Each structure stands twice: as C-alpha cells, then as structure tokens.
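Here are a few friendly notes to read alongside the model. I have kept them as numbered points so you can check each one on screen.

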Amino acid sequence: MRIDVVSLFPEFIAQCAAFGVTGRAIERGLLSLQGWNPRDHAEGNYRRVDDRPFGGGPGMVMLVDPLRRAIAAARAADPRPVRVVYMSPQGRPLDQAGVRELAGRERVMLLCGRYEGVDERLVRAEVDEEVSIGDYVLSGGELAAAVVVDAIARLQDGALNDAGSAEQDSFEGGLLDCPHYTRPVEHELGKVPDVLLSGNHAEIAKWRREQSLRRTLERRPDLLDGAALTEADRRTLDRLRQG
Ligand code: 9WO
C-alpha cells in the first residue's frame with residue numbers, strides 16, 4: 001500500500017513512522033510513505049502558502065494553489081486511484097472499522113492543514129472525506145495523519161510479527177482488551193491470576209473474554225451495541241450487571 005502525505009512538515013510524519021511496527025512495514029516494502037510539501041509548489045521569493053481570511057478574524061488560511069499543485073504531483077506519482085482524506089476536527093470520527101477500510105485500499109492521501117485551516121474550495125474540489133481522530137483541536141493535521149499511518153501500517157499483511165495478533169486486538173471484536181501479565185508470577189504489586197498459569201487454554205480464553213466484557217461494560221458501555229456478542233457473552237453480561 002502507498003500513503004502520500006501533503007503537509008508543510010512532511011518530515012514530521014516520516015519520523016513518526018520510522019520506528020517499531022510502522023518502520024518495519026516500510027522496510028519490508030509493505031507500505032510506502034511519501035511526503036509532499038505545498039511550500040515546494042508555492043510561488044514567488046516568499047513561497048507563500050497562506051493568506052488572511054476573507055470576512056476577517058484571527059490567523060491565516062492555506063492557499064488553494066500550492067496545495068492543489070502538491071496534490072496533483074502526488075496523484076501523478078502513481079497511476080492508481082487515490083482516496084484523499086483531509087485530517088480535520090470537522091471530519092467523520094475514525095474508529096477501527098474506518099481504519100480497516102482505509103487499510104484495504106491501494107492508495108490513500110492524507111492532507112494536513114495548518115493555521116486556521118484550508119480554503120474550503122480546495123476541500124470541495126479535491127477531498128473525498130474529512131476524518132477526525134477525536135474531539136480536540138491540534139495545531140495542525142500532522143499528528144492526526146501520523147496516527148492514521150500507524151493504525152493502517154500495522155494492519156498490512158506481514159507487518160505484525162505474530163500472525164493473528166491484529167485479529168486479537170482491542171476493538172477487532174468491538175470490545176476492549178483484557179488485562180495482560182508477564183513475569184514474575186509473584187511481585188510485591190500482586191500475583192498473576194491463577195487461571196493464566198493453569199495451562200487450560202479453554203479456561204484462559206473464557207477468563208479473557210469475561211475480562212473484556214467486564215471492562216467494556218464498566219468503561220465503554222456504548223461499544224456493546226456494536227460488538228459481536230455470542231449468547232454466552234450476553235449471559236456473562238447479565239451476570240456482571242447483577243453482581
Ligand atoms: C480550530 C477550531 C477552534 C474552535 C472550534 C473548532 C475549531 N476547529 C479548528 C481547526 O480545525 N483548526 C485547524 C488546525 C485547521 C486544520 C488543521 N488543524 C487541526 C487538525 N487541528 N486539529 C486537527 C485534527 C485533525 C483530525 N482529528 C483531530 C484533530
């Protein structure tokens with residue numbers, strides 16, 4: 001898969017993706033990440049990429065043309081159709097299903113705004129969808145784009161060393177993750193739950209599922225509506241709600 005990022009700070013996203021799972025996905029050729037700087041497509045000695053907002057108000061707005069030329073250059077670098085996504089608090093809230101949808105495409109282009117945002121005419125002409133990673137305002141779209149790159153990269157086939165760990169993730173079944181333990185078995189902060197040491201894989205799976213259900217019920221009951229629940233899960237939830 002190929003991800004193009006249009007940003008005034010393309011090195012920022014490249015650095016964010018250089019480590020760990022994303023770094024390996026890029027090294028292994030599972031993902032290619034390319035940055036495009038609107039500054040490189042700006043005109044004049046000052047290479048302006050922004051101007052004052054019509055109607056007044058604070059701050060600056062990103063100019064249509066440098067962005068448009070950067071997007072055109074990115075499109076032209078590969079013949080395959082590309083999904084153009086603008087990182088914006090006004091966008092559709094991203095969840096794991098949305099990440100999976102993007103991760104299944106051959107090409108995605110992430111647009112990162114700075115200042116007060118991007119001229120709306122550019123958004124209308126070039127953007128397929130606006131995506132938000134959460135209800136807060138950042139100083140630019142770059143951190144949000146880095147989040148999307150990371151979430152997409154780890155879903156590429158072969159990116160995770162342990163096959164199946166993407167399916168076992170928090171959220172892939174629509175539930176929160178269970179707690180995890182490692183050595184030592186006994187520690188001054190507590191003991192590892194006995195069931196995890198039992199070697200009984202059926203009992204361990206049952207315990208983990210119940211922990212996931214319990215945490216989701218306590219912390220994010222809103223997720224239960226969209227979760228893939230079995231009849232046994234529903235009985236467990238009823239019992240947890242009673243107790
Ligand atoms: C500023 C603002 C202030 C009050 C109410 C709403 C507001 N929206 C913005 C805004 O969009 N500022 C931007 C800064 C302009 C475009 C890039 N910036 C940005 C992107 N900040 N936060 C994001 C972002 C992107 C995706 N998901 C979460 C946040």
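1. Let me start with proline 193, in what is a predicted model. Leaving aside neighbours within four places in sequence, proline 193 is in contact with Tyr181 and Trp207. Its place is in the loop that runs between strand E9 (190–191) and helix H7 (201–219).

2. To place that loop residue relative to the next point, take valine 148: it is 45 residues from proline 193 along the chain, and 35 Å separates their C-alpha atoms.

3. Valine 148 belongs to a helix pair worth a look. Helix H4 (residues 96–103) packs with helix H6 (residues 142–153) at an angle of about 75°, and their axes are 9 Å apart. Angles of 65 to 115 degrees count as roughly perpendicular, so H4 and H6 are roughly perpendicular to each other. On the H4 side the contact is made by Val99, Leu102 and Ala103, and on the H6 side by Val148, Ala151 and Ile152. The residues of this contact divide into six nonpolar, no polar and no charged.

4. Now to the ligand. Which residues are closest to the ligand? They are Ser88, Gln90, Gly113, Ile133 and Leu138, among the 19 residues that surround it.

5. Three of these are worth checking for polar contacts with the ligand. A ligand nitrogen atom is 2.9 Å from a polar backbone atom of isoleucine 133, and a ligand nitrogen is also 2.9 Å from a polar backbone atom of leucine 138. For glutamine 90, an N or O atom of the side chain is 3.4 Å from a nitrogen atom of the ligand. The ligand taken alone exposes 590 Å², and the protein buries 75% of that.

Technical notes: Residues numbered from 1 in each chain as written. Predicted model: local features only at pLDDT ≥ 70, side-chain atom pairs only at ≥ 80, totals over all residues. Heavy atoms only, no water. Axes fitted to C-alpha atoms, helices over the stretch in contact; angles between N-to-C directions. Helix = DSSP H or I, 4+ residues; strand = E, 2+ residues; numbered from the N terminus. Parallel < 35°, antiparallel > 145°, perpendicular 65-115°, else oblique. Contact = heavy atoms within 4.5 Å. Nonpolar A, V, L, I, M, F, W, Y, C, P; charged D, E, K, R; others polar. Near = heavy atom within 4 Å. Polar contact = N/O pair within 3.5 Å; in protein donor to acceptor, adjacent residues only side chain to side chain. Areas by Shrake-Rupley, 256 points an atom, 1.4 Å probe, with all protein chains shown as cover.
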